[in-house]
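Please open the model in a viewer and keep the sequence panel at hand. The tour below proceeds from a single side chain to the sheet, the helices and the core.

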Amino acid sequence: MRSNCDDLTDLSPTSPLHFLGPSPRLPPNNAIRDFALDLYEPNASVVENVIRIGKALHDAMTFDATATTVDTVASDAFRLRRGVCQDFTHIMILALQSLGIPAGYVSGYLRTLPPPGGVKLEGADAMHAWVRAWCGPEQGWIEYDPTNATLVGTDHVVAGYGRDYSDVSPVRGHLRSSGGQKNSQAVDVAIAG
């Protein structure tokens, strides 16, 4: 299958060329490739194919926070058909790349809204992940959230871009301490008033 960036020569950090091939956490996978090939519509636009694959992945997978860990590989989550946003995103990246569509990992937050008549709980928001796909020079990059089967909108807040989770994991390093310290974190995304 021909890549939609065969004519590109740019190697800047945001070049789609960096998002075509495997990364340390995302080696090619035949089952995910076959899933993508079954869905690919050659007469559709790249955007339409990205959305079709994202929606099909959403329909095929079940969100289950207990099914995987941060170290679960995409092929295992796909085989289980269960996982979290990181798993949905990794699988979709592999699916798109297998079709020659450059795709990358977006780490960020999803602003959540309270139930009708309810109060938004502070600290209820958590890290989220979704896909960035190159749809050609006319369209550029689009972002799709396969966990929620939607194009990314204003409620998605970007923290970083990478090839996979390893490039944009929220915490790296070590903390050493002694004594009885406790540490807790909470995230809240709200519109500044």
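In which strand is the place of Tyr-161? Select strand E7, for Tyr-161 lies there. Note before going further that the model is predicted.

**First stop: Tyr-161**

Colour Tyr-161 by accessibility: its relative accessible area is 38%, and the residue is therefore partly exposed. Next, display its surroundings. Setting aside residues up to four places away in sequence, Tyr-161 touches Tyr-105, Val-106, Arg-132, Glu-143 and Val-168. One of these, Glu-143, also forms a polar contact of 2.8 Å with Tyr-161 through the side chains of both. A C-alpha to C-alpha distance drawn from Tyr-161 to Val-131 reads 9.3 Å, although 30 residues separate the two in sequence.

**Second stop: the sheet**

Now show the strands as a cartoon. In what order do the five strands of the open sheet lie? The order is E6-E5-E4-E3-E7, and the pairing is antiparallel. Strand E6 (150-151) and strand E7 (156-162) are at the edges; each has a single partner strand, so one side of each has no neighbour in the sheet.

Select residues 127-134 and 141-145, which are strands E4 and E5. These two run antiparallel and are joined by four bridges. Within this pair, Arg-132 has Glu-143 of E5 as its bridge partner. Both Arg-132 and Glu-143 were among the residues that Tyr-161 touches.

**Third stop: helices on the sheet**

Add residues 46-60, helix H2, which lies across E4, E5 and E6 and runs at about 15° to E5. Then add residues 85-98, helix H4. Helix H4 packs on the sheet, where it touches strand E3 (103-110), E4 and E5, and its direction makes about 10° with that of E4.

Stay with H4. From its first C-alpha to its last, this helix of 14 residues reaches 20 Å, close to the 20 Å expected at 1.5 Å a residue. Of those 14 residues, 13 are buried, so H4 is largely enclosed by the rest of the structure. Just after the helix, select Gly-100, whose phi is positive at about 85°.

**Fourth stop: His-90**

Is His-90 of helix H4 buried or exposed? With a relative accessible area of 1%, His-90 is buried. Beyond its neighbours within four places in sequence, His-90 is in contact with Arg-25, Leu-26, Ala-74, Tyr-105, Asp-164 and Tyr-165. Tyr-105 also appears among the contacts of Tyr-161.

**Fifth stop: the core**

Which residues have the most contacts inside the largest nonpolar core? Select Ile-32, Val-50, Ile-53, Ile-91, Met-92 and Leu-96, within a core of 32 residues. At least two core residues come from each of helix H1 (30-39), H2, helix H3 (74-80), H4, E3, E4, E5 and helix H5 (165-168). The largest share, eight residues, is supplied by H4.

Centre the view on Met-92. Apart from its neighbours within four places in sequence, Met-92 is in contact with Val-50, Ile-53, Gly-54, Leu-57, Val-131, Tyr-144 and Pro-146.

**Last stop: the whole chain**

Zoom out. The protein chain has five helices and seven strands, which follow the pattern α-α-β-α-β-α-β-β-β-β-β-α along the sequence. Of its 193 residues, 39% count as buried. Among contacts between residues at least 6 apart in sequence, 62% join residues at least 24 apart.

Key: Residues numbered from 1 in each chain as written. Predicted model: local features only at pLDDT ≥ 70, side-chain atom pairs only at ≥ 80, totals over all residues. Heavy atoms only, no water. Pairing = 2+ DSSP bridges. Contact = heavy atoms within 4.5 Å. Axes fitted to C-alpha atoms, helices over the stretch in contact; angles between N-to-C directions. Core = buried A, V, L, I, M, F, W, Y, C linked by side-chain atoms within 4.5 Å. Buried < 20%, exposed > 50% of the residue type's maximum accessible area, 1.4 Å probe, protein only. Expected span 1.5 Å × (residues − 1). Polar contact = N/O pair within 3.5 Å; in protein donor to acceptor, adjacent residues only side chain to side chain.
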